[in-house]
Amino acid sequence: MSSETGADGREREPGSEPEQGRDEEAVSRFVERFAADMTEAGMQRMASRVFAALLADDDGSMTSAELSEQLQISPAAVSGAINYLTQVSMVGRERDPGSRRDRYRLHNEIWYATFASRDRVLTRWEHTLREGARTLGQDTPAGARLTETAEFFEFLQTELIGLMDRWRDHRKKLDLS
């Protein structure tokens, strides 16, 4: 069975059409705008672009070639972005059945998983800060500053757990599962 490549660079079965009514230029503008927002917030530029492209894809998955074509970037740039996104657990790698090509897919509940992984980072930071405060002496200005920062992270984690629980309840009410 053969396939053909559509105008958007995606492989399709002969005769199949891309999503009806989709303005590819508008999609591209959205991808670049959201990627710029994420870059401004501190994410790597190429990782932001790849993530935004996956987010805008109907099934949330693309191959390296599809990402390269859509974003007009090199396969090396896609690879670097994917490595970053997999390290921070925002994207997974899988194989299409019968193919040697990797397909990159957004994880289910991507934002929930991303913030849950941040919770682990906050825990690690809190423990390190508390150890640092003991090392410096909690009665010193630096030790007091580290203690306050550790308390902030502990508070943030507690609030984040409650927030995540409320999100799951809210998501059920919206029937987004």
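A residue is called buried here when its relative accessible area is under 20%, exposed when that area is over 50%, and partly exposed in between (1.4 Å probe, protein chains only). The model is a predicted one, so to speak: local features need pLDDT of at least 70 and side-chain atom pairs count only at pLDDT 80 or more, while totals for chains, interfaces and linings use all residues. Residues are numbered from 1 along each chain as its sequence is written, and side-chain values use heavy atoms, with hydrogens and water left out.

On to the overall fold. The protein has six helices and five strands, taken as DSSP runs (H or I over at least four residues for helices, E over at least two for strands) and numbered from the N terminus. Read from that end, the order is β-β-α-α-β-α-α-β-β-α-α. Of the 177 residues, 32% count as buried. With a contact taken as heavy atoms within 4.5 Å, residues 24 or more positions apart account for 46% of the contacts with a separation of 6 or more. The exposed surface comes to about 11500 Å², and carbon and sulfur atoms supply 52% of it; areas are from the Shrake-Rupley method with a 1.4 Å probe, and for residues only the protein chains shown count as cover.

Next, the charged pairs. Side chains of opposite charge can pair when their charged atoms come close. Taking a salt bridge as a side-chain nitrogen of Lys or Arg within 4 Å of a carboxyl oxygen of Asp or Glu, the count comes to nine. In one of them, E32 pairs with R49, and the closest N and O atoms are 2.8 Å apart. E32 sits in helix α1 (residues 24-40) and R49 in helix α2 (residues 45-56), so this bridge ties together parts that are 17 residues apart in sequence. The two ends differ in cover: E32 is partly exposed at 29% relative accessible area, whereas R49 is buried at 9%.

Another bridge joins the side chains of E66 and R103, at 3.6 Å from N to O. This pair links distant parts of the chain, with E66 in helix α3 and R103 in strand β5 (residues 102-106), 37 residues apart. E66 has a relative accessibility of 5% and so counts as buried; R103, at 11%, is buried too.

A third example is R130 with E151, whose side chains meet at 3.1 Å, N to O. Here helix α5 supplies R130 and helix α6 supplies E151, and the pair spans 21 residues of sequence. R130 is partly exposed at 21%, and E151 is partly exposed at 40%. Bridges that share partners join E126, R130, E151 and E154 into one network. Within that network, E126 belongs to helix α5 (residues 110-136) and is buried, with 10% relative accessibility. Leaving aside neighbours within four places in sequence, E126 is in contact with A150, F153, E154 and Q157.

Then there is the largest pocket, which holds about 310 Å³ of space. Pockets were sought on a 1 Å grid over the protein atoms alone: a pocket is an open set of points with protein on both sides within 12 Å along at least five of seven lines, and lining residues have an atom within 4 Å of a point. Grid points are joined across faces, edges and corners, and the volume is the space filled by probe spheres set on the points. The lining takes in 15 residues, with E109, I110, W111, Y112 and W167 nearest the centre. Helices α5 and α6 (141-174) are the elements that give two or more residues to this lining, and α6 gives the most, with five. By type, the lining divides into eleven nonpolar, two polar and two charged residues, where Ala, Val, Leu, Ile, Met, Phe, Trp, Tyr, Cys and Pro count as nonpolar, Asp, Glu, Lys and Arg as charged, and the others, Gly among them, as polar.

Finally, a look at the backbone. Most residues other than glycine have a negative phi. Q72 goes the other way, with a positive phi near 55°, and lies in the loop between α3 (64-71) and α4 (75-87). Its relative accessible area is 62%, so Q72 is exposed. S89 also has a positive phi, near 60°; its place is the loop between α4 and β4 (91-95). At 30% relative accessibility, S89 counts as partly exposed.

Key
On a 1 Å grid over the protein atoms alone, a cavity is a set of points where a 1.4 Å probe fits but cannot get out, and a pocket is an open set with protein on both sides within 12 Å along at least five of seven lines; lining residues have an atom within 4 Å of a point.
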